[in-house]
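Let's take a walk through this one, helix by helix and strand by strand. Keep the viewer open and follow along.

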Amino acid sequence: MTEKRQFRAIKGTRDILPPDSSLWNWFERAAREVFESYNFREIRLPIFEETDLFARSIGADTDVVGKEMYTFEDRDESSISLRPEATASVVRAYIEHGMHTLPGNVKLYYIGPMFRRERPQKGRYRQFYQIGAEVLGQSDAPAIDAEVLEMLVVLFKRAGLALITLSVNSIGCKQCRPKYVEVLRQELLKVKDKLGADSQRRIETNPLRVLDSKLPEEQPIIETLPRISDHLCAACRQHFSELKDELNLRGIAYEENWRLVRGLDYYTRTTFEVTAEGLGSQNAVCGGGRYDGLVELLGGHPTKGIGFAIGSDRAILSIQEGGQAPKMPGLGVFVAWMSAATYPAAVRIARKLRECGIAVELPPEAMKFKKSLGLADKLGARYALIIGEDEVTSGTYTLKRLADAEQKKLNENDLLEYLESERRGSGA
Ligand code: HAM
């Protein structure tokens with residue numbers, strides 16, 4: 001006999017249950033509305049891609065590619081990975097579909113799950129969700145960077161995420177950054193003995209990432225290191241300065257953070273991150289930046305690019321913790337029918353109410369009056385609609401508001417009209 005066992009969601013994955021799922025939908029809807037008002041359109045992408053796409057774009061030496069990808073061999077022996085992020089896929093799709101021939105900048109957004117095998121903790125999951133946006137085209141005008149940041153701030157404001165900080169930086173281009181990295185490497189070699197093992201390793205693999213270190217004992221050392229702002233070429237310096245002017249023009253508050261280097265290799269010039277209060281160590285709710293060489297690196301025409309991804313799990317946690325979550329419309333009407341004779345009227349009225357956009361629960365079996373109202377209450381219905389035999393005969397129904405037990409007797413037309421205007425009024 002096979003042993004019975006219970007299955008559980010795999011470590012680092014989770015189910016998003018009602019009523020939380022309503023908040024997720026609400027947040028995603030807000031993102032769609034805001035992004036579309038900035039003329040972004042949705043792109044739906046595959047969840048898995050060739051492993052090499054990520055290795056080449058994100059960088060083989062990054063933590064994401066080196067340690068965190070879910071990679072497997074397909075049945076034809078090709079190597080496939082679950083996407084750890086979606087910028088690489090957007091760029092792949094941009095090239096594959098010849099989107100460089102489209103007029104103006106190509107502005108795309110996506111919503112969906114990403115996969116990274118990180119150590120799970122609050123705000124960090126192995127399957128997590130991102131809402132991202134990317135702009136691809138011929139222009140790298142700082143106004144594009146600023147518009148993308150404005151769009152982000154507008155969404156966060158709409159979602160009631162008030163306590164956020166936007167940090168910005170410029171990490172230079174392929175002309176000036178390598179020179180800075182070399183200067184940094186030389187300085188780091190001088191203090192190598194005082195650094196932890198991770199940073200020591202990064203002196204060789206990726207010195208910029210040392211700036212990301214959170215180790216308390218490394219902080220005083222990092223503060224004395226040369227800063228990229230003193231090593232940007234004239235064009236990058238001007239780009240960054242114009243971006244800051246643009247942000248001021250748009251009234252967007254930001255902080256400059258010279259240590260904001262980001263963990264993915266494709267970035268050039270502008271990098272940014274949004275952090276929210278109350279999330280503990282995993283407080284980055286959004287990250288992004290420019291990636292002007294990426295399309296070319298992946299075999300396309302020279303193209304500029306910039307974008308960001310919001311971590312939905314963290315954004316939603318932050319909305320909930322800040323007590324700003326909107327009240328979600330719940331069940332509107334519980335149809336209390338009590339005998340076979342009243343069932344046809346109950347079915348008909350339930351359908352009509354639903355057609356008006358009202359959430360209706362119609363019990364599948366006849367229930368006694370008291371039990372029926374008890375269940376309506378437990379389900380959090382706003383109204384119980386009582387359909388007894390008298391009501392069916394007379395054609396007037398009793399509508400009971402459960403919060404204060406106020407009752408109204410209404411015929412079918414008045415009932416529909418009343419509930420519809422109520423729904424509009426309550427936003428339910
Ligand atoms: P990222 O900084 O790796 O950037 O991720 C963006 C956001 O995703 C983070 O700020 C965080 O909120 C969320 N996130 C990342 N890992 C996890 C996790 N394990 N659990 C929960 N949330 C997580 C990117 O992915 C880039 N593709 C962003 C971008 C778009 N850059 C340019 N365009």
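## Helix α12

A quick ruler check to begin with: this is a predicted model, and helix α12 (residues 343-355) has 13 residues that should span 18 Å at 1.5 Å a residue, which agrees with the 18 Å between its end C-alpha atoms. Looking down the axis of α12, you'll find its buried residues within an arc of 130°, so they line one face of the helix. Those buried residues are Ala-345, Ala-346, Ile-349, Ala-350 and Leu-353. The spacing makes sense because an α-helix has 3.6 residues a turn, so residues three or four places apart point the same way.

Now flip to the other side. The face of α12 turned away from the buried side carries Pro-344, Arg-351 and Glu-355, which are exposed. After α12 comes Gly-357, with a positive phi near 90°.

## The mixed sheet

Next up is an open sheet of 5 strands, in the order β13-β12-β14-β15-β16, with mixed pairing. At its edges sit β13 (360-361) and β16 (407-411), each of which pairs on one side only.

For the parallel part, look at β12 (residues 333-337) and β14 (residues 383-387), which are joined by 5 bridges. Trp-337, for one, has Ile-387 in β14 as its bridge partner. Lying across β12, β14 and β15 (396-401) is helix α13 (residues 369-378), which runs at about 170° to β12.

## The β15-β16 hairpin

For the antiparallel part, go to β15 and β16, which pair over 5 bridges. Here Leu-399 has Lys-408 in β16 as its bridge partner. The two strands, β15 and β16, make a hairpin with 5 residues between them, and Ala-405 in the turn has a positive phi of about 65°.

## Helix α1

Over to helix α1 (residues 20-37). With 18 residues, α1 reaches 26 Å from its first C-alpha to its last, close to the 26 Å expected at 1.5 Å a residue. Just past the helix, α1 is followed by Asn-39, whose phi is positive, near 65°.

What do the buried residues of α1 pack against? Their partners are β5 (106-115), β6 (127-137), α5 (142-158), β11 (304-311) and α11 (312-321). The buried residues of α1 themselves are Leu-23, Trp-24, Trp-26, Phe-27, Glu-28, Ala-30, Ala-31, Val-34 and Phe-35.

Terms used
Residues are numbered from 1 along each chain as its sequence is written. This is a predicted model: local features need pLDDT of at least 70, side-chain atom pairs count only at pLDDT 80 or more; totals for chains, interfaces and linings use all residues. Side-chain values use heavy atoms; hydrogens and water are left out. Two strands pair if DSSP finds at least two bridges between them. Helices (H or I, at least four residues) and strands (E, at least two) are DSSP runs, numbered from the N terminus. Contact means heavy atoms within 4.5 Å. Axes are lines fitted to C-alpha atoms, for helices over the stretch in contact, and angles run from 0 to 180 degrees between N-to-C directions. The expected span of a helix is 1.5 Å times one less than its number of residues. Buried means under 20% relative accessible area, exposed over 50%, partly exposed in between (1.4 Å probe, protein chains only). The arc is that of the directions from the helix axis to the C-beta atoms.
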